[in-house]
Amino acid sequence: MRLRHAYLFILTALAIFNVQNGNAQQPETQVLFKTTAGDIRIKLYNDTPLHRDNFIKLVEDHYYDGLLFHRVIRDFMIQSGDPDSRTAQRHQQLGKGGPEYTIPAELVYPKHFHKRGSLSAARQSDQVNPERRSSGSQFYIVTGKTYRSYQLRDLEDELSSKQGQNIFNRLCGMERDTIISMTDRNDTEGIARLQERLAAKADSILAAQGPFKLTEEQSNAYMSSGGAPWLDGEYTVFGEVVEGMKVVDKIEGAATDMNDRPLKDIKIISAEIVR
């Protein structure tokens, strides 16, 4: 068994054991990030055990010490966790680094959603990652923006119309090797038949799911404190900030280059478990 597969197997087994023995009711683990912009304290949810245990292991291994917040977008989020950022040169493009493994998605939705302060796992797009597996180390903290009620209703309509396309994209991602093979053979008829079959399957799944609808809790949070609702149900949310959102806002407000990297490096000095 390859090392990264063995590691994920152990994480999964431990998560199942913990839930079966009632440990999901234990106090939530907290992590303190000391950064060059100030301190940020987060808590990790117990009902996303694979992400929680992986994050704890990385913190205990000092994986995040010295890493940059390499991607910052105003009214959206701040991102870190790329090990390549530790020794990155000025203006070097970042965002592809991480361990050799990914983590199975844990979409506890709509309980956990992209409200302001949420801790979420970065990942590759649906086209190459239809299972929505998370990066082994990269994460982002949501800042977002506030919405009015009519804006949320418009967003629901927009996301409902996009659901079918997202489903179709994921199905295409699952058939990626077949599509590449057909393309290499110039099998246009085969591609057309596959497209029709996947479109019909996407329509069936969409009909079973129904239109996108925010819960009352989501709507209240997005109107009062803000967030990034268009990501809900798409990326794993596995924690939230409990102290230090002013620091997060400070990082979010940094001037950036064309790749959204801060012009002046903002670094994680250290990360530690503070249960």
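Let's start at the surface, with H91: this residue is exposed, with a relative accessible area of 52%. For that label, exposed means over 50% relative accessible area, buried means under 20%, and partly exposed is what falls in between, using a 1.4 Å probe and protein chains only. H91 sits in the loop between β4 and β5, and its phi is near 70°, a positive value in a residue other than glycine.

Before going on, a word on what we are looking at. This is a predicted model, where local features need pLDDT of at least 70 and side-chain atom pairs count only at pLDDT 80 or more, while totals for chains, interfaces and linings use all residues. Residues are numbered from 1 along each chain as its sequence is written, and side-chain values use heavy atoms, with hydrogens and water left out.

Now the overall picture. The protein has seven helices and 10 strands. Helices here are DSSP runs of H or I with at least four residues, strands are runs of E with at least two, and both are numbered from the N terminus. The C-alpha trace spans about 55 × 50 × 50 Å along its principal axes.

How does the radius of gyration agree with that of a compact globule? With 275 residues, such a globule would come out near 19 Å, and the protein has 20 Å, which agrees. That radius is taken over C-alpha atoms, and the globule rule is 2.2 Å times the number of residues to the power 0.38.

Of the 275 residues, 47% are buried. The protein exposes about 14,500 Å², with carbon and sulfur atoms supplying 50% of that area. Those areas come from the Shrake-Rupley method with a 1.4 Å probe, and for residues only the protein chains shown count as cover.

Contacts next, meaning heavy atoms within 4.5 Å. Among contacts between residues at least 6 apart in sequence, 76% join residues at least 24 apart.

And the charges: there are 35 positive and 37 negative side chains, and the centres of the two sets lie 3 Å apart. Lys and Arg count as positive, Asp and Glu as negative, and His and the chain ends are not counted. Each charge is placed at NZ of Lys, CZ of Arg, CG of Asp or CD of Glu.

Please turn to strand β9, my favourite part of today's tour. Why is β9 described as largely enclosed by the rest of the structure? Five of the seven residues in β9, which covers residues 237-243, are buried, so that description follows.

And what does β9 pair with? Two strands pair if DSSP finds at least two bridges between them. Strand β2, residues 38-44, runs antiparallel to β9 and is joined to it by four bridges; within that pairing, R41 has E243 as its bridge partner. Strand β6, residues 118-121, is also antiparallel to β9, with three bridges joining them, and there S120 stands opposite V237.

Back to the loop between β4 and β5, where we met H91. With its ends filled in, that loop runs between β4 (77-80) and β5 (102-103), and S85 lies in it too. Is S85 buried or exposed? At 2% relative accessibility, S85 counts as buried. Leaving aside residues up to four places away in sequence, S85 touches L67, L68 and L94.

A helix residue for comparison: R170, in α3, residues 149-174. At 14% relative accessibility, R170 counts as buried. Again not counting residues up to four places away in sequence, R170 touches D126, P130, R132 and E234.

Then there is a backbone feature to find on your screens. Y109 and P110 are joined by a cis peptide bond, with omega about 10°. P110 lies in the loop between β5 and β6.

Let's finish with two loops further along the chain. Between α7 (245-252) and β10 (268-273) we find K264, which counts as exposed at 69% relative accessibility. K264 and R71 are 193 residues apart in sequence and 12 Å apart in space, C-alpha to C-alpha. D260 belongs to the loop between α7 and β10 as well; D260 is partly exposed, with a relative accessible area of 25%, and has a positive phi near 70°.

R185 is in the loop between α4 (176-184) and α5 (188-209), and counts as exposed at 51% relative accessibility. R185 and R123 are 62 residues apart in sequence, and their C-alpha atoms are 31 Å apart in space. Thanks, everyone!
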